[in-house]
Amino acid sequence: MRIRHAAAAAFGALALLIMQPGSASAATGDFSYKFVGLDGTPQQSTLHDPVSPGCITLPEAADPGATEPAFAPHNNTDTWAMVFTEPNCTGKSWTLRPHGHPATDRLKLRSVFLTDRH
């Protein structure tokens, strides 16, 4: 009888561990982009080890009515990234490979989705 109770308890504990939600992970590396600062000069920002998978709206380009889009993204992370022309990962998109070359200044973005694909 005790073996049966011990086995049931162990099975229950195992089931609880399996059902726990996975913790958020992060892409390893940097995702950088340029944007026009409040003074009108080009500036650069970098996301270090950004959370993935997930959508990140770039704060410097978040408001289409008040800011210009960011540009020239560089995905130097270990995951694929999709950049979007609008906030919240909407609008037209373009895919950037892991550890790729910097994109041209003509590629505009307001948000980025980092995948969990390596």
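In this predicted model, a polar atom of the N75 side chain lies 2.9 Å from the backbone oxygen of T79. N75 belongs to strand β6. Is N75 buried or exposed? With a relative accessible area of 2%, N75 falls under the 20% limit and therefore counts as buried. Beyond its neighbours within four places in sequence, N75 is in contact with residues from several parts of the chain, among them D30, F31, W80, L96, H99 and L114. The other contacts of this kind are with A81, R97, P98 and G100.

**The open sheet**

Strand β6, which holds N75, is part of an open sheet of 4 strands in the order β3-β2-β6-β9, with antiparallel pairing. The edges of this sheet are β3 (42-48) and β9 (108-109), each of which pairs on one side only. Strand β6 covers residues 70-77 and joins β9 in the antiparallel sense over 2 bridges. In that pairing, F71 has K108 of β9 as its bridge partner. As a general point, side chains in a regular strand alternate between the two faces of the sheet.

**The hairpin of β7 and β8**

Strands β7 and β8 also pair in the antiparallel sense, over 5 bridges. The first of these strands in the pair as named, β7, spans residues 81-86, and β8 spans residues 90-96. V83 stands opposite W94 in β8. Between the two strands of the hairpin there are 3 residues, and N88 takes a positive phi near 60°.

The two strand pairs described above are set out here.

| Strand pair | Sense | Bridges | Facing residues |
|---|---|---|---|
| β6 and β9 | antiparallel | 2 bridges | F71 and K108 |
| β7 and β8 | antiparallel | 5 bridges | V83 and W94 |

**The largest pocket**

Which residues line the largest pocket? The lining consists of F35, V36, G37 and L38, together with P59, E60, A66, T67 and E68. By type, these lining residues divide into 5 nonpolar, 2 polar and 2 charged. The space in the largest pocket amounts to about 170 Å³. In general, empty space of this kind is shown by rolling a probe the size of a water molecule over the atoms.

**The chain as a whole**

The chain contains 1 helix and 10 strands. Read from the N terminus, the helix comes at the start and the strands follow, in the order α-β-β-β-β-β-β-β-β-β-β. The chain has 118 residues, of which 32% count as buried; N75 is one of the buried residues. Among contacts between residues at least 6 apart in sequence, 63% join residues at least 24 apart.

Methods: Residues are numbered from 1 along each chain as its sequence is written. This is a predicted model: local features need pLDDT of at least 70, side-chain atom pairs count only at pLDDT 80 or more; totals for chains, interfaces and linings use all residues. Side-chain values use heavy atoms; hydrogens and water are left out. Two strands pair if DSSP finds at least two bridges between them. On a 1 Å grid over the protein atoms alone, a cavity is a set of points where a 1.4 Å probe fits but cannot get out, and a pocket is an open set with protein on both sides within 12 Å along at least five of seven lines; lining residues have an atom within 4 Å of a point. Grid points are joined across faces, edges and corners, and a volume is the space filled by probe spheres set on the points. Ala, Val, Leu, Ile, Met, Phe, Trp, Tyr, Cys and Pro count as nonpolar, Asp, Glu, Lys and Arg as charged, and the others, Gly among them, as polar. Buried means under 20% relative accessible area, exposed over 50%, partly exposed in between (1.4 Å probe, protein chains only). A polar contact is a pair of N or O atoms within 3.5 Å; within protein, one must be able to donate a hydrogen and the other to accept it, and residues adjacent in sequence count only if both atoms are side-chain atoms. Contact means heavy atoms within 4.5 Å.
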